[in-house]
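Please find below some notes on the model, set out as numbered points for a reader who wants the cut-offs alongside the values.

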Amino acid sequence: MGATDGSITKACRELIWSQHLRTITKILIALADPTRRRLLHLIAEKGQASATALSKMVIVSRQAVVKHLSILSEAELVTSNRVGREVRYTVCPNQLSSAAEWIADLAADWNKRLQWIKESAESTDKSGLT
């Protein structure tokens, strides 16, 4: 494998990583709003729900619910399915799993860093350098 192959592989990894981060960012932005989190919870609880049904369970208008569902849909946290005149929404657990994995990886990385800081501080204390 030549130098060019390695740089192509690195470029591909960077592209995949940046796409992954964009996906995670969309998910986190969608979940940042308490109304959207509530809607997601209600849809998960019911299995599926329409905007009209959801608007009766929250304190915002049906139009606002539709806008929130659009953002959840763009983040691929929900999918929609037209049944007659009604659009029903269901939760997409794969995206939630992807975000949870990213958060767990981030937490593990910080735990390693904090452990290193703790060990460094303890070794400094033991050597008498305070």
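1. Ser-80 counts as partly exposed because its relative accessibility is 46%, where buried means under 20% relative accessible area, exposed over 50%, and partly exposed in between (1.4 Å probe, protein chains only). Ser-80 belongs to strand S2 (residues 78-83), strands being DSSP runs of E of at least two residues and helices runs of H or I of at least four, numbered from the N terminus. Beyond its neighbours within four places in sequence, Ser-80 is in contact (heavy atoms within 4.5 Å) with Val-87, Arg-88 and Tyr-89.

2. This is a predicted model, in which local features need pLDDT of at least 70 and side-chain atom pairs count only at pLDDT 80 or more, whereas totals for chains, interfaces and linings use all residues. Residues are numbered from 1 along each chain as its sequence is written, and side-chain values use heavy atoms, with hydrogens and water left out.

3. The largest nonpolar core (buried Ala, Val, Leu, Ile, Met, Phe, Trp, Tyr and Cys residues joined through side-chain atoms within 4.5 Å) has 19 residues, of which Ile-43, Leu-54, Val-65, Leu-69, Leu-72 and Leu-77 touch the most other members. Two or more residues each come from helices H1 (3-31), H2 (34-46), H3 (51-55) and H4 (62-74), and H2 contributes the most, with four.

4. For helix H5 the end C-alpha atoms are 49 Å apart, which agrees with the 50 Å that its 34 residues should span at 1.5 Å a residue, the expected span being 1.5 Å times one less than the number of residues. The buried residues of H5 are Gln-95, Ser-98 and Ala-99.
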